[in-house]
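Hello, and thanks for sharing this one. Here are some notes to read alongside the coordinates, arranged by type of side-chain pairing.

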Amino acid sequence: MKKTNFIDCSVKEVDFSETDLSMSIFKNCDLSNTVFQQTNLEKADFRTAKNYAFDPAENKVKKVKVSHLHLSGLLEKFDLDID
């Protein structure tokens with residue numbers, strides 16, 4: 001699924017485990033309860049996506065693009081209280 005464009009869609013509860021999503025774009029997508037485990041997300045663009053969460057230590061994330069507004073989804077496993 002490399003270089004796939006997900007645009008203005010709902011990608012809820014999808015299991016992307018062990019999938020190559022490198023260079024994919026998630027533009028204005030709702031990724032609620034979507035699973036990223038051992039997923040290649042290198043150079044993927046999540047800047048306008050919402051409700052995503054993935055562990056950078058469990059996925060390939062080199063050069064992934066994310067919004068600072070949604071960094072909490074990358075830190076979820078630490079159970080931090082982020083304002």
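1. **The buried acid D30.** Please keep in mind that this is a predicted model. I would start with D30, which counts as buried because its relative accessibility is 13%, under the 20% limit. Its side chain meets that of K12 in a salt bridge, at 3.6 Å from N to O. D30 belongs to the segment after β2 and K12 to the loop between β1 and β2, so this pair ties together parts that are 18 residues apart in sequence. The lysine end is another matter: K12 is partly exposed, at a relative accessible area of 46%.

2. **S32 beside it.** The D30 side chain also takes part in a polar contact with the side chain of S32, at 2.6 Å. S32 lies in the segment after β2 and is buried, with a relative accessible area of 17%. A further polar contact joins the side chains of S32 and N51, at 3.3 Å. If neighbours within four places in sequence are set aside, S32 is in contact with V11, K12, E13 and N51. K12 therefore appears twice around here, as a contact of S32 and as the salt-bridge partner of D30.

3. **The other salt bridge.** The count of salt bridges comes to 2. Besides D30 with K12, D45 forms one with R47, where the closest N and O atoms are 2.6 Å apart. D45 is buried, at 13% relative accessibility, while R47 is partly exposed, with a relative accessible area of 45%.

4. **Aromatic pairs.** How many aromatic pairs does the model hold? The count comes to 11. Take F6 and F26: their ring centres are 4.7 Å apart and their planes stand at 5°, so the pair is stacked, the limit being under 30 degrees. This pair links distant parts of the chain, with F6 in strand β1 (residues 5–7) and F26 in strand β2 (residues 25–27), 20 residues apart. F6 is buried at a relative accessible area of 12%, and F26 is buried at 1%.

5. **From F26 onward.** F26 has a second stacked partner in F46, with centres 4.7 Å apart and planes at 10°. Because F26 lies in strand β2 and F46 in the segment after β2, the pair ties together parts that are 20 residues apart in sequence. Both F26 and F46 are buried. For the wider picture, ring pairs link F6, F16, F26, F36, F46, Y52 and F54 into a cluster, so you may like to display those side chains together.

6. **The cysteines.** Why is there no disulfide between C9 and C29? The sulfur of C9 is 3.4 Å from that of C29, its closest cysteine sulfur, and this is too far for a bond when the cut-off is 2.5 Å. Likewise, C29 is in no disulfide, and its nearest cysteine sulfur is that of C9. A search of the whole structure finds 0 disulfides. The two residues also differ in accessibility: C9 is partly exposed at 27%, whereas C29 is buried at 1%.

Terms used
Residues are numbered from 1 along each chain as its sequence is written. This is a predicted model: local features need pLDDT of at least 70, side-chain atom pairs count only at pLDDT 80 or more; totals for chains, interfaces and linings use all residues. Side-chain values use heavy atoms; hydrogens and water are left out. Rings of Phe, Tyr and Trp (its six-membered ring) pair if their centres lie within 6.5 Å; planes under 30 degrees apart count as stacked, over 60 as edge-to-face and the rest as tilted. Helices (H or I, at least four residues) and strands (E, at least two) are DSSP runs, numbered from the N terminus. Buried means under 20% relative accessible area, exposed over 50%, partly exposed in between (1.4 Å probe, protein chains only). A salt bridge is a side-chain nitrogen of Lys or Arg within 4 Å of a carboxyl oxygen of Asp or Glu. A polar contact is a pair of N or O atoms within 3.5 Å; within protein, one must be able to donate a hydrogen and the other to accept it, and residues adjacent in sequence count only if both atoms are side-chain atoms. Contact means heavy atoms within 4.5 Å.
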